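The following paragraphs explain how this protein is put together. Please keep the sequence and the model in view while reading.

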Amino acid sequence: MKKYMVVERFKPGCFNKVYDRFNEKGRMLPEGLHYLNSWVNEKESICFQLMETNDESLFKLWIGKWADYTDFEVFPID
């Protein structure tokens with residue numbers, strides 16, 4: 001599987017909303033997209049997630065569930 005670094009920038013006022021949704025619904029990952037690890041910088045309202053998949057198009061499905069609270073960048077790791 002190919003690994004990806006996902007950079008999430010929480011929209012203003014949405015840091016706690018993201019975690020409320022996460023606690024209620026989990027990561028909401030589509031089948032085939034796998035979470036490996038993450039690091040959060042609350043002061044900067046940013047999260048880095050290491051993920052893997054064989055189907056990069058799955059990110060679009062996942063991001064759509066969080067786009068109201070977060071802006072995303074997805075970087076393939078070579």
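Helix α1 makes the greatest contribution to the lining of the largest pocket, supplying three residues. The model in which this pocket appears is a predicted one. The pocket has a volume of about 180 Å³. Elements that give two or more residues to its lining are β1 (2-10), α1 (15-25), β2 and β3. The full set of lining residues comprises Glu-8, Phe-10, Val-18, Tyr-19, Phe-22, Arg-27, Ser-38, Val-40, Cys-47, Gln-49, Trp-62 and Trp-66. By character, eight of the lining residues are nonpolar, two are polar and two are charged.

To place these elements, consider the chain as a whole. The protein contains two helices and four strands, and these follow the pattern β-α-β-β-α-β when read along the sequence. Its radius of gyration is 12 Å, close to the 12 Å that the globule rule gives for 78 residues, so the protein is as compact as a globular protein of that length. The C-alpha trace spans about 35 × 25 × 15 Å along its principal axes. Of the 78 residues, 33% are buried. Among contacts with a separation of 6 or more, 70% are accounted for by residues 24 or more positions apart.

Strand β3 (residues 46-53) is a useful place from which to follow the strand pairing. It pairs with strand β2 (residues 33-41) in the antiparallel sense, over eight bridges. Within this pairing, Leu-33 stands opposite Thr-53 of β3. The hairpin formed by β2 and β3 has four residues between the strands, and Ser-45 there takes a positive phi near 55 degrees. Strand β3 is also joined to β1 by eight bridges, and these two strands likewise run antiparallel. In that second pairing, Glu-8 stands opposite Cys-47 of β3. Both Glu-8 and Cys-47 belong to the pocket lining described above. As for exposure, β3 is mostly covered, with seven of its eight residues buried.

The helices can be approached through one residue in each. In helix α1 lies Arg-21. Is this arginine buried or exposed? Arg-21 counts as buried, because its relative accessibility is 16% and the cut-off for a buried residue is under 20%. Leaving aside residues up to four places away in sequence, Arg-21 touches Gly-26, Met-28, Lys-65, Trp-66, Asp-68 and Tyr-69. One of these partners, Trp-66, is also among the residues that line the largest pocket.

The second helix, α2 (residues 58-64), includes Leu-58. With a relative accessible area of 11%, Leu-58 is buried as well. Which residues does Leu-58 touch, not counting those up to four places away in sequence? They are Pro-30, Glu-31, Gly-32, Leu-33 and Thr-53. Two of the residues just named, Leu-33 and Thr-53, are the pair that stand opposite each other where β2 meets β3. Leu-58 of helix α2 therefore touches both members of a pair in the strand pairing, and is itself buried. Between Leu-58 and Lys-2, which are 56 residues apart along the chain, the C-alpha atoms are separated by 13 Å.

Conventions: Residues numbered from 1 in each chain as written. Predicted model: local features only at pLDDT ≥ 70, side-chain atom pairs only at ≥ 80, totals over all residues. Heavy atoms only, no water. Pairing = 2+ DSSP bridges. Buried < 20%, exposed > 50% of the residue type's maximum accessible area, 1.4 Å probe, protein only. Contact = heavy atoms within 4.5 Å. 1 Å grid on protein atoms, 1.4 Å probe; cavity = no way out; pocket = protein on both sides within 12 Å on 5 of 7 lines; lining within 4 Å. Points joined across faces, edges and corners; volume = space filled by probe spheres on them. Nonpolar A, V, L, I, M, F, W, Y, C, P; charged D, E, K, R; others polar. Rg over C-alpha atoms; globule rule 2.2 N^0.38 Å.
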